[in-house]
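Please open the model in a viewer and keep the selection panel at hand. The tour below proceeds stop by stop, stating what to select and what is found there.

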Amino acid sequence: MDKTYLENQMGVKLYTMTEFAEYLGWTQQRLSKIYHSQIKGAKVRTKVPDPVFSGLRLLWTEGQVKQYKKDIRPNYKPEWRKIDGKQVYGRVCRMCTDFKRIEDMSGKNSPYCYTCISRKGGEKRRLLGETTSKFKPRSRVHVRKYNPQGKLQCRTCKIFKDVAEFRAGTSPQLRPDCKDCLNARRRERYAKKGDSNE
Ligand SMILES: [Zn+2]
Ligand SMILES: [Zn+2]
């Protein structure tokens, strides 16, 4: 049966397994594994809803998909996820429950993302009657480019390195240069300083 035809008949958006997994930010294999072990009678943490159609293709309604996302207890530990075909290293924000890049979190161990924290701060300032104009969130000047492996390119040495190889910069960004380049520059500066003192 045609998905579009069914959607028009039922008047709801339908999700295939792939689309369902995509909505969760999972791989299709991950969802499929849970669903099939559940069918075989295995105990799963959160039961995947029964598909509304289970012919050639499994189909779920938008409501089921959204409810399942709410029901699954999110994993707050940092992990790699595939988003828009790119591997992204990040964590789930406890406030908005969105999966965010690690440097979009408001701190190394903060449970909230930068957007949520600044929104919370804005709310507080508004309640206190403070003007918000000077607290406007900084616009993103540099867009950090990640390669498909989720690595970041250093501005100076142009090498793609692990996120851990970069220092935190102006929140929520990482510094554009890797730790090695920063250290090298610092050494250079100190050497110059020493020369001029002599
Ligand atoms: Zn958030
Ligand atoms: Zn570098």
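Are helices H2 and H3 roughly parallel or roughly perpendicular to each other? Before selecting them, note that the model is a predicted one. Select H2, residues 17-24, together with H3, residues 28-39. The two helices pack at an angle of about 110 degrees, and their axes are 8 Å apart. Angles from 65 to 115 degrees count as roughly perpendicular, and H2 and H3 are therefore roughly perpendicular to each other.

**The contact of H2 with H3**

Display the side chains where these helices meet. From H2, the residues to select are Met17, Thr18, Phe20, Ala21 and Leu24; they meet Gln28, Arg30, Leu31 and Ser32 of H3. The residues of this contact divide into five nonpolar, three polar and one charged.

Remain with H3 for a check of its length. H3 has 12 residues, which at 1.5 Å a residue should span 16 Å; the C-alpha atoms at its ends are 16 Å apart, so the two values agree. Just after H3, select Gly41, whose phi is positive at about 100 degrees.

**The whole chain**

Zoom out to the whole protein chain. The chain contains six helices and 10 strands. Of its 198 residues, 14% count as buried. Among contacts between residues at least 6 apart in sequence, 33% join residues at least 24 apart.

**Helix H1**

Next, select residues 3-10, which form helix H1. How many of the eight residues of H1 are buried? The number is zero, so H1 lies largely in the open. Just after H1, Gly11 takes a positive phi of about 70 degrees.

**The three-stranded sheet**

Select E1 (14-15), E2 (53-54) and E3 (residues 58-61). What is the order of the strands in this sheet? The order is E1-E3-E2, in an open sheet with antiparallel pairing. E1 and E2 stand at the edges with a single partner strand each, so one side of each has no neighbour in the sheet.

Begin with the pairing of E1 and E3, which run antiparallel and are joined by two bridges. Leu14 stands opposite Thr61 of E3, and Tyr15 stands opposite Trp60 of E3.

Then move to the pairing of E2 with E3, where two bridges again join antiparallel strands. Here Ser54 stands opposite Leu58 of E3. E2 and E3 form a hairpin, with three residues between them.

Add helix H4, residues 62-71, to the selection. H4 lies across E1 and E3, and it runs at about 80 degrees to E3.

**Val52**

Now select Val52, which lies in the loop between H3 and E2. Is Val52 buried, exposed or partly exposed? Within 10 Å there are 16 other C-beta atoms, so Val52 is partly exposed: a buried residue would have 20 or more, and an exposed one 12 or fewer. Leaving aside neighbours within four places in sequence, the contacts of Val52 are Leu59, Trp60 and Thr61. A distance drawn from the C-alpha atom of Val52 to that of Gln64 should read 9.3 Å, for residues that are 12 apart in sequence.

**The hairpin of E4 and E5**

Select E4, residues 79-83, and E5, residues 86-92; they pair in the antiparallel sense over five bridges. Arg81 has Val88 in E5 as its bridge partner. E4 and E5 form a hairpin with two residues between them.

Centre the view on Asp84, in the loop between E4 and E5. What is notable about the phi of Asp84? It is positive, about 50 degrees, although Asp84 is not a glycine. Most residues other than glycine have a negative phi. Asp84 has 6 C-beta neighbours inside 10 Å and therefore counts as exposed.

**Lys158**

For the last stop, select Lys158, in the loop between E7 (152-153) and E8 (160-161). Lys158 is not a glycine, yet its phi is positive, at about 60 degrees. Is Lys158 buried or exposed? Because Lys158 has 8 C-beta neighbours inside 10 Å, it counts as exposed.

Technical notes
Residues are numbered from 1 along each chain as its sequence is written. Chains are lettered from A and ligands numbered from 1 in the order in which they are written. Helices (H or I, at least four residues) and strands (E, at least two) are DSSP runs, numbered from the N terminus. Two residues are in contact if their C-beta atoms, placed from the backbone, lie within 7 Å. Axes are lines fitted to C-alpha atoms, for helices over the stretch in contact, and angles run from 0 to 180 degrees between N-to-C directions. Angles under 35 degrees count as roughly parallel, over 145 as roughly antiparallel, 65 to 115 as roughly perpendicular and the rest as oblique. Ala, Val, Leu, Ile, Met, Phe, Trp, Tyr, Cys and Pro count as nonpolar, Asp, Glu, Lys and Arg as charged, and the others, Gly among them, as polar. The expected span of a helix is 1.5 Å times one less than its number of residues. Two strands pair if DSSP finds at least two bridges between them.
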